[in-house]
Amino acid sequence: MSAGDSMVKRNYKLGVVGAGYVGLTTASAFADLGYRVICYDSDKNKIELLRRGKSHIYEPGIEELIQKNYGKTLFFSDSPAEVYSESDVIFVCVGTPSLPDGRPDLSYIEACAIEISKYLNGYKLIVEKSTVPIRTAEWIERTIKLYNPSADFDIASNPEFLREGTAIRDFFKPDRIVIGMSSERAKKILLEIYNEKDFVCPKVVTDVKTAEVIKHASNSFLALKISYINMIADFCEKVGVDVDKVAEGIGLDKRIGTAFLKAGIGWGGSCFPKDVKAFIKMGEEVQVDFSLLKVAHDINERRIAVILDKIKKALWVVKGKVIAIWGLAFKPDTDDIREAPALKIISELLKEGAKLNLYDPKAMENTKQIFPESESIRYAENLEKSVTGAHAIVIATEWGEFKSADLRKIRELMITPIIIDGRNIFEPAKVRELGYLYFPIGKP
Ligand code: NAD
Ligand code: UGA
């Protein structure tokens, strides 16, 4: 899916640090455009696997891009010396997970800065792609200079807005590209890389701090929007109105927009929960009232109670019941289970004494690391096996496979035909016609 134009000059050698969802996408996409890219990860096992053309993450299309470009324009390395000394532009894509108090853990970013300082050989442009708090670029700069006072470099912020599951498409066709920099040299390089032929979208060119704020303000706004519709969903349910119709009715106002108005069991993933918490902390640090975000966060936390309440209403006694959980990933088309609502639902149902049949098209291996197979937990090979002998199905992720399931057949395999749908994937009337007791979110 190359968006590349063969007339564009690929003047720079690129380095990508961190071969996760963002790094691997960035590296394979730039390599596909024709840049020479070295993708470095400190985890040797991941690099080993990638060199064999296999990806340690599931992201649609990523393995194809890797296999197409590996050894031609794309190289994988476990050597910091190699990536930092052989690249002109270094995209930092390491993780910034939450600390217990909500601030992001910047130790991976600091480790990069220290390593970079050791291997700089001539001018480098260091591009912050990881999601980081305001002033992180200043800290990176200070760290590099502390360890290597004569280092010649610039730092830019180029926040990433891709979504897991559609990462490659989002990378090549973003709504906008944000470039924050403090020198004309950095600006020239990044505008050459993000040129008009390869990337047909608006470019927001600004200073580094503004770019850092844009990323957090953007993710927090999207999370806020979902919490808003979830609040409306609870109201709709009480007053006998369909939240999806309400979402359609408000979303068609172009000022509001239809996207991110899907009510359900809340936002999970490695980004919204961590970034909202991080932004709240940033507000606190400068004494600005971010209670709007705290409420959005609290509404999201309560989504688990909302679905558990439905499960209890549907089953009466949960203890000893067999429940099929459809979907473990935090969203469809990924194997990522970080902060997935399904995990919290599983924990709560286990406390209630339920027996769980778990099924997900891609995320079962990751989930087994947290919930190993046991007397209460079974991993099903397919949808049919997950419902055989089950008293209810709980839908936690809206995978396409679930939407097209043969519900007649499924019903025959179940002990009691109950569906608690945390993602509103079915038309209530149709499911009920098939004899199911159907419990969606925010509907009469
Ligand atoms: P990830 O955990 O999937 O990948 C991070 C990788 O960095 C890991 O493979 C890890 O081994 C490697 N790493 C850690 N320290 C290293 C070091 N010093 N040197 C080399 N490699 C190192 O993370 P991710 O989901 O790709 O996210 C990365 C960053 O991008 C985060 O800040 C995240 O908030 C942001 N982001 C993520 C997404 C997304 O959809 N996942 C989208 C936009 C932005
Ligand atoms: C999100 C943003 O959409 C990306 O722009 C951003 O780059 C990324 O975070 C990041 O910074 O890491 P992602 O987490 O991959 O991307 O997934 P989303 O599609 O945004 O979904 C996040 C969560 O919100 C999921 O749990 C999803 O189920 C939930 N969601 C989303 C809803 O409940 N309703 C919606 O209408 C949309």
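Here, Ala, Val, Leu, Ile, Met, Phe, Trp, Tyr, Cys and Pro count as nonpolar, Asp, Glu, Lys and Arg as charged, and the others, Gly among them, as polar. Keep that sorting at hand for the exercises below, which work through a predicted model.

**Exercise 1. Describe the largest cavity and the residues around it.**

Solution.
- Step 1: Start with the count, which comes to three cavities of 30 Å³ or more.
- Step 2: Turn to the largest cavity, whose volume is about 110 Å³.
- Step 3: Find its walls. The lining has 14 residues, and Lys129, Glu160, Pro174, Arg176 and Ile177 are the closest to the centre of the cavity.
- Step 4: Place the lining on the fold. Two or more residues come from each of α7 (167-172) and β7 (177-180).
- Step 5: Sort the lining by residue class, which gives nine nonpolar, one polar and four charged residues.

**Exercise 2. Work out what surrounds the second largest pocket, and which parts of the chain contribute.**

Solution.
- Step 1: Note the space in this pocket, about 610 Å³.
- Step 2: Look at the lining, made of 26 residues; nearest the centre of the pocket lie Pro133, Ile134, Arg135, Thr136 and Trp139.
- Step 3: Assign helices. At least two lining residues come from each of α5 (107-119), α6 (136-147) and α11 (272-285). Which helix gives the most? That is α6, with seven residues.
- Step 4: Apply the residue classes again: the lining of the second largest pocket holds 17 nonpolar, three polar and six charged residues.
- Step 5: Bring in the domains. Domain 1 (13-206) and domain 2 (216-301) each provide at least three residues of this lining.

**Exercise 3. Characterise the contact between domain 2 and domain 3.**

Solution.
- Step 1: Set the bounds. The domain assignment gives domain 1 (13-206), domain 2 (216-301) and domain 3 (303-439).
- Step 2: Locate the pair, with C-alpha centres of domain 2 and domain 3 that lie 24 Å apart. Their contact involves 18 residues from domain 2 and 17 residues from domain 3.
- Step 3: Choose a yardstick. Interface size is often given as the accessible area lost when the parts come together. For domain 2 and domain 3 the buried area is about 1,400 Å², with 46% of it on carbon and sulfur atoms.
- Step 4: Ask which residues of domain 2 lose the most area to domain 3. They are Ile265, Gly269 and Ser270, together 40% of what the domain 2 side buries.
- Step 5: Count the salt bridges between domain 2 and domain 3, which number two. For a salt bridge to inspect in the structure, try Asp234 with Arg303, where the closest N and O atoms are 3.0 Å apart, inside the 4 Å cut-off.

Notes: Residues numbered from 1 in each chain as written. Chains lettered and ligands numbered in written order. Predicted model: local features only at pLDDT ≥ 70, side-chain atom pairs only at ≥ 80, totals over all residues. Heavy atoms only, no water. 1 Å grid on protein atoms, 1.4 Å probe; cavity = no way out; pocket = protein on both sides within 12 Å on 5 of 7 lines; lining within 4 Å. Points joined across faces, edges and corners; volume = space filled by probe spheres on them. Helix = DSSP H or I, 4+ residues; strand = E, 2+ residues; numbered from the N terminus. Domains from an automatic or database assignment. Contact = heavy atoms within 4.5 Å. Buried area = accessible area lost by both parts, 1.4 Å probe. Salt bridge = Lys/Arg side-chain N within 4 Å of Asp/Glu carboxyl O.
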